[in-house]
Structure formats: structure tokens, C-alpha cells
Amino acid sequence: MGMAIVYTKFFFLLKEQGISLYRLKKMTGLADATIKSMRNNSSVTTDTLCKVCRALHCQPGDIMEYVEEPDNSQSDNSLP
């Protein structure tokens with residue numbers, strides 16, 4: 001079964017607070033590649049999450065969430 005952390009809430013929060021990606025990068029020192037990782041729901045470091053939370057005055061759950069992906073494989077009944 002797959003799993004994913006998604007950052008959809010992060011981009012909504014930026015818009016809600018009226019903060020551009022350019023301004024966020026200036027506030028946090030985040031690289032373009034890090035922002036791209038978040039846009040693509042790829043892994044980022046806890047240091048990155050701390051920087052974002054500090055800049056946006058929020059908690060990690062305000063910018064990301066765990067979404068369980070459906071299991072598309074056939075179940076293997078041969079396992080004990």
C-alpha cells in the first residue's frame with residue numbers, strides 16, 4: 001500500500017497570507033529546488049519544514065498532510 005505526504009495546504013496558506021514564493025524564498029533561504037520538491041509532493045527535510053513553519057507562523061499540519069494512496073496491486077494470499 002502506498003503513502004504520500006502532500007503539500008497542497010502549503011500553497012493555499014501562502015495564498016491566504018498573501019505571500020509570494022519569491023518573498024517566502026527571501027524569508028527562509030529556501031532554494032528553487034526545494035519549492036519544486038514541495039510542488040511535486042516529494043520529500044523535504046525537517047529543517048525545511050521548520051523554516052516554513054517559522055516564516056508562516058504555523059504548524060507542520062497546516063502545510064502538509066498524509067494521504068494514503070490506493071493499493072493497485074493484487075493481494076498476495078500466499079503470505080502467512
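**Helix H4 and the two salt bridges**

Let me begin with Lys25, which at 26% relative accessibility counts as partly exposed, and I should say at once that we are looking at a predicted model. Lys25 forms a salt bridge with Asp32, and the closest N and O atoms of the pair lie 2.3 Å apart. Asp32, for its part, is exposed, its relative accessible area being 53%.

The count of salt bridges comes to 2, and the other pairing takes us into helix H4, where the side chains of Asp47 and Lys51 meet at 3.6 Å, N to O. These two residues stand 4 apart in helix H4, and so about one helical turn separates Asp47 from Lys51. Asp47 is partly exposed, with a relative accessible area of 46%, and Lys51 is likewise partly exposed, with a value of 28%.

Turning now to the buried side of H4, a helix that spans residues 46–56, the buried residues are Thr48, Leu49, Val52, Cys53, Ala55 and Leu56. When one looks down the axis of H4, these buried residues fall within an arc of 165°, and therefore they line one face of the helix. What do the buried residues of H4 pack against? They pack against helix H1, residues 8–17, helix H2, residues 21–28, and helix H3, residues 32–39. On the face of H4 that is turned away from its buried side, we find the exposed residues Thr46 and Arg54.

Finally, for those following the backbone, His57 comes just after H4 and takes a positive phi of about 50°.

Technical notes. Residues are numbered from 1 along each chain as its sequence is written. This is a predicted model: local features need pLDDT of at least 70, side-chain atom pairs count only at pLDDT 80 or more; totals for chains, interfaces and linings use all residues. Side-chain values use heavy atoms; hydrogens and water are left out. Buried means under 20% relative accessible area, exposed over 50%, partly exposed in between (1.4 Å probe, protein chains only). The arc is that of the directions from the helix axis to the C-beta atoms. Contact means heavy atoms within 4.5 Å. A salt bridge is a side-chain nitrogen of Lys or Arg within 4 Å of a carboxyl oxygen of Asp or Glu.
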